Amino acid sequence: MTDYDREFALRQVRHLRGSGLSAEQARARISSQIGHEISEELVSAAAELGAERSPLIRRLLDFGQAKNLDLAQLSASILEMRGGLQARLLPELRRFGGLYLYVTLISSAVLIILVLFTVFIIPQFSLMFDAFGMDLPGLTRLLMDSLVQWLLVGALFLLAAVLFSVSKMAKGVFALRRDPGSWLIRFPLFSRAMKAFDLWMHVLVFELLLRSGASAETLRSEVSGLVHGDRKRSDAEQERVRQLIARLTAAQALGTVDDELEYWDSRYESDLTLTLDRSRSMLGFGIQIALGLIVGAVVVGLYLPIFAVARIG
């Protein structure tokens with residue numbers, strides 16, 4: 001099969017799979033038209049990328065077609081890049097999911113305690129304190145208020161929902177399921193990590209376009225636009241990207257681009273994992289403090305009537 005036939009088959013598989021045909025039907029129809037048997041690997045890659053929702057990957061595929069790049073190589077490189085990102089980053093991101101699970105469990109426990117506190121324990125204390133002509137402690141009365149209870153539990157579950165949303169968004173971005181220019185890059189907790197990821201993506205996109213036969217001029221002028229899309233960039237961001245691309249294109253002219261790509265790939269991966277770990281630690285510390293204050297208030301509100309009864313006795 002010629003390169004032309006392979007690229008044609010790759011485009012047609014995406015179109016036919018998008019129209020509802022199975023992978024085997026698409027493969028049979030295209031093979032009969034071009035007079036060559038196309039491989040199952042090509043069909044699988046085209047089908048997976050054809051259903052891709054990531055704006056970045058769609059921009060890369062459209063760019064490859066417009067510039068007549070080797071689409072088979074480009075598609076294989078995209079799949080390899082995404083698989084590598086998933087393998088290297090998902091273990092770190094699962095720890096964010098662990099925080100979400102932890103907060104959900106604590107929130108459920110607080111909800112159960114408040115229900116028991118309100119339905120079974122406080123009524124008994126109320127009767128006892130009324131018999132002595134005394135008022136319940138202020139914190140206990142505050143926790144008895146249904147509005148306060150709903151606000152307390154609602155805040156906990158809202159925190160769990162935010163953690164879940166951030167975790168899903170982060171996994172989507174770092175696994176190239178979402179565009180790197182999403183709102184996550186403006187989320188303060190992830191801003192440093194996203195800066196490292198943004199530069200890392202420039203290195204990876206430069207490498208896969210280089211493998212697909214892009215010219216030096218194309219690499220110099222198009223990589224940044226493909227990564228960022230329509231997202232507005234600050235002057236500092238543009239300058240960092242310009243310097244990085246200038247180093248890579250200079251290394252390409254010197255014949256040392258592979259070593260340069262390996263260096264920057266390793267450096268930005270390390271920067272990203274380090275900043276993600278720091279962000280997770282800061283988030284975990286803040287959650288521990290918040291949960292400690294909430295759970296502490298509930299426990300103190302429960303024990304204050306007991307201490308008051310002990311003083312009466």
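Trainee: How far apart in helix H10 are glutamate 239 and arginine 242?

Mentor: They sit 3 residues apart, about one turn of the helix. Helices here are DSSP runs of H or I with at least four residues (strands are E runs of at least two), numbered from the N terminus. Before we go on, this is a predicted model, where local features need pLDDT of at least 70 and side-chain atom pairs count only at pLDDT 80 or more, while totals for chains, interfaces and linings use all residues. Residues are numbered from 1 along each chain as its sequence is written, and side-chain values use heavy atoms, leaving out hydrogens and water.

Trainee: What makes glutamate 239 and arginine 242 a salt bridge?

Mentor: The rule asks for a side-chain nitrogen of Lys or Arg within 4 Å of a carboxyl oxygen of Asp or Glu. Their N to O distance is 2.7 Å, so the pair qualifies. That rule gives a count of 6 salt bridges.

Trainee: And why is glutamate 239 called partly exposed?

Mentor: Buried means under 20% relative accessible area and exposed means over 50%, with partly exposed in between (1.4 Å probe, protein chains only). Glutamate 239 comes in at 32%, so it takes the middle label. Arginine 242, at 49%, is partly exposed too.

Trainee: What about arginine 211 and glutamate 207, how are they placed in helix H8?

Mentor: They are 4 residues apart in H8, so about one helical turn separates them. Their side chains meet in a salt bridge at 3.0 Å, N to O. Arginine 211 is partly exposed at 40%, and glutamate 207 is partly exposed at 22%.

Trainee: What makes H8 "mostly covered"?

Mentor: Of its 21 residues, 15 are buried. Just after H8 comes glycine 213, with a positive phi near 95 degrees.

Trainee: How do you know that the salt bridge of arginine 88 and aspartate 265 links distant parts of the chain?

Mentor: Arginine 88 is in helix H5 and aspartate 265 is in helix H11 (residues 257-312), 177 residues apart. Even so, their side chains meet at 3.2 Å, N to O. Arginine 88 is partly exposed at 31%, whereas aspartate 265 is at 15% and therefore buried. Both belong to a network of salt bridges with Glu269.

Trainee: Which residue does glycine 83 lie 7.7 Å from, C-alpha to C-alpha?

Mentor: Alanine 175, which is 92 residues away in sequence. Glycine 83 lies in H5 and is partly exposed at 32%.

Trainee: Why do we say the buried residues of helix H4 line one face?

Mentor: Leu56, Ile57, Leu60, Leu61, Phe63 and Gly64 are buried. Seen down the axis of H4, they fall within an arc of 165 degrees, so they line one face; the arc is taken from the directions from the helix axis to the C-beta atoms. Asp62 and Ala66, on the other side, are exposed.

Trainee: How do you know that the reach of H4 is close to what is expected?

Mentor: The expected span is 1.5 Å times one less than the number of residues. H4 has 12 residues, and its reach from first C-alpha to last is 16 Å, against 16 Å expected.

Trainee: Which helices have the lowest and the highest mean pLDDT?

Mentor: Helix H3 (residues 40-50) has the lowest, 59, and H10 the highest, 88. On this 0 to 100 scale of the predictor's confidence in each residue, the chain averages 76, with 81% of the residues scoring at least 70.
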